[in-house]
Amino acid sequence: MKKTVLLAALLTLGIALQGADTKLPLPAKKGGMTLNEALNARKTIRKYKADMLSMQQISQLFWSAFGVNRADGKRTAPTARNCQEITLYMLTAKGAWAYAAKENKMIRVSTKDLRSSAGRFAAPIYIVIVSNNKLSGSTARALHYAAMDVGYVSQNIYLAAAAMKLGTCAIGSIPKPAVLAKELKLTQSEKVFLTHSVGIPK
Ligand SMILES: Cc1cc2nc3c(=O)[nH]c(=O)nc-3n(C[C@H](O)[C@H](O)[C@H](O)COP(=O)(O)O)c2cc1C
């Protein structure tokens, strides 16, 4: 009986991540590891098990990274002048999704496995952090701010991963940013700044 329930759950996860738009479960906004414990556990981990993360873990990870945490639409990471110029993408073996924070859902943008363009580690998930200089303004100062904004999101990913006992690595040496830009259908104003591999530590 337990096996049947487990199989059904795995199938649901597989099917959920194959659909065009995937509604995410609500992230937990209370409980979990304390901030001090998460800061103490934060580190870069580059080796992961092949296991896929659960939808709850995915939801928690993306909400922590750059989800909506207030009624006025503001986010878990600050952005200079509240430009909110960052978009997050999730890459898995089954394709790529854009994180729609307000709707708490994933929107499918590709059916290809783009993970090897985002990083060299074997990971079930990559997060791609994209910034849009049309929203932030393309002056040198705006680009400087955009890079700092990406940093807050990256640290949120690190702390969320630590709190969920997941492993992650920020990756600046992105193997194929141009492939990501093409396959994620980024506009001229959008640029891949950083990626994160994420998985259950080996
Ligand atoms: C902006 C940024 C870019 C990074 N790029 C890479 C990378 O391309 N490859 C990699 O293996 N680690 C990368 N790292 C991870 C660092 O090597 C790691 O944070 C550092 O060694 C300190 O380890 P710790 O995170 O465990 O404290 C990057 C970290 C940051 C913040």
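In the predicted model, the ligand is surrounded by Lys43, Thr44, Arg46, Cys169, Ala170, Ile171, Gly172, Ser173 and Leu194. Sorted by class, this shell consists of four nonpolar, three polar and two charged residues. The element that contributes most to the shell is strand 6 (residues 167–171), which supplies three residues.

Strand 6 also belongs to an open sheet of seven strands, arranged in the order 1-4-3-2-5-7-6 with antiparallel pairing. Strand 6 and strand 1 (21–23) form the edges of this sheet, and each of them pairs on one side only. From one strand to the next, the twist averages 25°. At the edge formed by strand 1, three bridges connect this strand to strand 4 (residues 105–110), and the two run antiparallel. Within this pair, threonine 22 lies opposite methionine 106 of strand 4. Helix 3 packs on the sheet, where it touches strand 2, strand 3, strand 5 and strand 7. The direction of helix 3 makes an angle of about 155° with that of strand 2.

The largest nonpolar core comprises 52 residues. Leu88, Tyr89, Met90, Ile127, Val128 and Ile129 have the most contacts inside this core. At least two core residues come from each of helix 3 (55–66), strand 2 (86–92), strand 3 (95–100), strand 5 (125–132), helix 6 (140–163), strand 6 and strand 7 (190–199). The largest share is that of helix 6, with 10 residues. Leaving aside residues up to four places away in sequence, isoleucine 129 touches Ile86, Leu88, Val150, Val153, Ser154, Phe193, Leu194 and Thr195. One of these contacts, Leu194, is also among the residues around the ligand.

Methods
Residues numbered from 1 in each chain as written. Predicted model: local features only at pLDDT ≥ 70, side-chain atom pairs only at ≥ 80, totals over all residues. Near = placed C-beta within 6 Å. Helix = DSSP H or I, 4+ residues; strand = E, 2+ residues; numbered from the N terminus. Nonpolar A, V, L, I, M, F, W, Y, C, P; charged D, E, K, R; others polar. Core = buried A, V, L, I, M, F, W, Y, C linked by C-beta atoms within 7 Å. Buried ≥ 20, exposed ≤ 12 C-beta atoms within 10 Å, placed from the backbone. Contact = placed C-beta atoms within 7 Å. Pairing = 2+ DSSP bridges. Axes fitted to C-alpha atoms, helices over the stretch in contact; angles between N-to-C directions.
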